[in-house]
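The exercises below are meant to be worked through with the sequence and the model side by side. Try each task before reading the solution that follows.

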Amino acid sequence: MNTAPHEEDPDILIGRCYTYARRFPLVMGRLPGGGRLWGGPYTIPQAIVIVTTAILLITIQEVWARFGMLGNVAIAVGLPFALGLVVRRMRIDGRHPFAVLASMLGLIGAPSAGRIGGRPLRALPEARPLVGLCTVSWRPDEPTAPAPEPTGAPVPAAARTSDVLSAAGSLLSARTKKGV
């Protein structure tokens, strides 16, 4: 039995990229009895456009129906299916028009400054200056202790901490005695 290269070495990563040709949209086109819809299969956006256009044409029939019986039927049937074919072929960045419309509405409704933690970002009421204090002191009259020479053995963390704390405590007590 042949083994694939990724089965022999678990450290090899395999990546797969499915192009647009491999993405199959949800379509309607088969009748339950085994027949096919005329002009189908239709995607969901196509079906929405066809049904909406047909309902709109029937609703405002008195505005456009001036071409006799044959012309009116041709417009009432042909226009929805023609718009459905346009929607089938229309792609904006590889997406159907309703996805693009939803994205545009989302951008229009989004806060202009963005969101943090799901809530709209608001500007601070006013600019506040950052105030801080930094003191540098130098005392040449105090002798400094020479640094201990490094040895091969590491110094335990507890010993380092206690040395630092005792040095800080002695500095603090010296400052309080001088009234600084």
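**Exercise 1. The chain as a whole**

Among contacts in the chain between residues at least 6 apart in sequence, what percentage join residues at least 24 apart? Find also the secondary structure of the chain and the share of its residues that are buried.

Solution. Keep in mind from the start that this is a predicted model. Of the contacts between residues at least 6 apart in sequence, 42% join residues at least 24 apart. The secondary structure comes to six helices and four strands, and reading along the sequence gives the pattern α-β-β-α-α-α-α-β-β-α. The chain has 180 residues, of which buried residues make up 10%.

**Exercise 2. The span and the faces of helix α2**

Check whether the end-to-end distance of helix α2 agrees with its number of residues, and then work out where its buried residues lie around the axis.

Solution. Step one: helix α2 covers residues 44-59, which is 16 residues, and at 1.5 Å a residue it should span 22 Å; since its end C-alpha atoms are 22 Å apart, the two values agree.

Step two: the buried residues of α2 are Pro 45, Gln 46, Val 49, Ile 50, Thr 53 and Leu 57. Seen down the axis of α2, these buried residues fall within an arc of 135 degrees, so they line one face of the helix. The general reason for such spacing is that an α-helix has 3.6 residues a turn, so residues three or four places apart point the same way.

Step three: on the face of α2 turned away from its buried side are the exposed residues Ile 55, Ile 58 and Thr 59. The cover over the buried residues of α2 includes β2 (42-43), α3 (61-64), α4 (68-89) and α5 (97-109).

**Exercise 3. How α2 packs against α4**

Describe the arrangement of α2 and α4, giving the angle and the distance between their axes.

Solution. Step one: the two helices pack at an angle of about 155 degrees, and their axes are 8 Å apart. Step two: because angles over 145 degrees count as roughly antiparallel, α2 and α4 are roughly antiparallel to each other. Step three: the crossing in which α2 passes α4 is right-handed.

Step four: the residues of α2 that meet α4 include Val 49, Ile 50, Thr 53 and Ala 54, while those met in α4 include Ile 75, Leu 79, Pro 80 and Leu 83.

**Exercise 4. Three residues in the two helices**

Is Thr 53 buried or exposed, and which residues does Thr 53 touch? Do the same for Asn 72, and then locate Gly 78.

Solution. Thr 53, found in helix α2, is buried, because its relative accessible area is 12% and buried means under 20%. Leaving out residues up to four places away in sequence, Thr 53 touches Leu 79, Pro 80 and Leu 83.

Asn 72 lies in helix α4 and, at 15% relative accessibility, counts as buried. With residues up to four places away in sequence not counted, Asn 72 touches Trp 64, Ala 65, Arg 66 and Phe 67.

Gly 78 is placed in helix α4, and with a relative accessible area of 32% Gly 78 is partly exposed. Gly 78 and Ala 54 are 24 residues apart in sequence, and C-alpha to C-alpha they are 9.6 Å apart in space.

Key: Residues numbered from 1 in each chain as written. Predicted model: local features only at pLDDT ≥ 70, side-chain atom pairs only at ≥ 80, totals over all residues. Heavy atoms only, no water. Expected span 1.5 Å × (residues − 1). Buried < 20%, exposed > 50% of the residue type's maximum accessible area, 1.4 Å probe, protein only. Arc of directions from axis to C-beta. Contact = heavy atoms within 4.5 Å. Axes fitted to C-alpha atoms, helices over the stretch in contact; angles between N-to-C directions. Parallel < 35°, antiparallel > 145°, perpendicular 65-115°, else oblique. Left-handed = near helix turned anticlockwise from the far one by under 90°.
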